[in-house]
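Visitor: Could you pick one part of this structure and take me through it slowly? I'm in my first year, so plain words would help, and I'd like to hear how that part sits alongside the rest.

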Amino acid sequence: MGLITGLLTLPIAPVRGVMWVAEKLNDAAERELHDPGVLRAQLALLNRELEEGDISLEEFEREEERLLDRLHAARVCPAPDDRR
């Protein structure tokens with residue numbers, strides 16, 4: 001990038017910085033969303049909530065199915081690495 005280009009694009013530098021941070025946050029959220037360890041921990045918490053009577057059986061089954069679907073999807077198609 002030349003001096004003139006750098007000076008002309010200087011006003012949008014903060015926007016580029018914010019976009020970079022937003023992309024990194026999105027990547028981290030995607031990795032956590034598909035992390036089998038996180039999903040297993042959520043399933044364990046769900047079981048504990050059912051045993052303690054904090055949620056109904058219907059709520060448990062609905063949430064368990066959703067988490068198991070995400071776990072299956074994470075195993076079939078793992079999230080891409082953040083190697084750009």
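**A close look at helix H4**

Guide: Let's start at Asp69, which lies in helix H4. Keep in mind as we go that this is a predicted model. Asp69 has a relative accessible area of 47%. Exposed would take over 50% and buried would be under 20%, so Asp69 counts as partly exposed.

Now zoom out to the whole helix. H4 runs over residues 57–76, which gives it 20 residues. From its first C-alpha to its last, H4 reaches 28 Å, close to the 28 Å expected at 1.5 Å a residue.

Which residues of H4 are buried? They are Phe60, Leu67, Arg70, Leu71 and Ala74. Look down the axis and you'll find that these buried residues cover an arc of only 105°, so they sit on the same side of H4. Now turn the helix around: on the other side, Glu58, Arg62, Glu65, His72 and Val76 are exposed. You'll spot an arginine in each list, with Arg70 among the buried residues and Arg62 among the exposed ones.

A third arginine of H4 has a partner. Arg66 forms a salt bridge with Glu63, and their closest N and O atoms are 2.3 Å apart. For this pairing, the side-chain nitrogen has to be within 4 Å of a carboxyl oxygen. Why are the two about one helical turn apart? Because Arg66 and Glu63 are three residues apart in H4. Both partners are partly exposed: Arg66 has a relative accessibility of 39%, and Glu63 has 27%. The count of salt bridges comes to one, and this pair in H4 is a salt bridge.

Next, hop from H4 to H3. Asp69 and Leu45 are 24 residues apart along the chain, and their C-alpha atoms are separated by 17 Å. Helix H3 covers residues 36–51. H3 has 16 residues and reaches 23 Å from first C-alpha to last, close to the 22 Å expected at 1.5 Å a residue. Its buried residues are Leu39, Leu43 and Leu46. Seen down the axis of H3, they fall within an arc of 60°, so they line one face of the helix. Asn47 is also found in H3, and at 35% relative accessibility it counts as partly exposed. The C-alpha atoms of Asn47 and Pro14 are 45 Å apart, with their positions 33 residues apart along the chain.

For a last stop, visit helix H2, residues 13–33. Ala29 lies there and is partly exposed, at 45% relative accessibility. Ala29 and Val18 are 11 residues apart in sequence and 16 Å apart in space, C-alpha to C-alpha. Met19 is found in H2 too, and it is partly exposed with a relative accessible area of 47%. Together with Ile12 and Val15, Met19 forms a nonpolar patch on the surface, with about 280 Å² of accessible area.

How far can you trust the picture? The chain averages a pLDDT of 86, and 90% of the residues score at least 70. Confidence is highest in H3, at a mean of 94, and lowest in helix H1 (residues 3–9), at 79. Where pLDDT is low, predicted coordinates shouldn't be read in detail.

How values were computed. Residues numbered from 1 in each chain as written. Predicted model: local features only at pLDDT ≥ 70, side-chain atom pairs only at ≥ 80, totals over all residues. Heavy atoms only, no water. Patch = residues over 30% accessible without salt bridge, like charges linked within 9 Å, V, L, I, M, F, W, Y side chains within 5 Å. Areas by Shrake-Rupley, 256 points an atom, 1.4 Å probe, with all protein chains shown as cover. Helix = DSSP H or I, 4+ residues; strand = E, 2+ residues; numbered from the N terminus. Buried < 20%, exposed > 50% of the residue type's maximum accessible area, 1.4 Å probe, protein only. pLDDT = per-residue confidence, 0-100. Expected span 1.5 Å × (residues − 1). Arc of directions from axis to C-beta.
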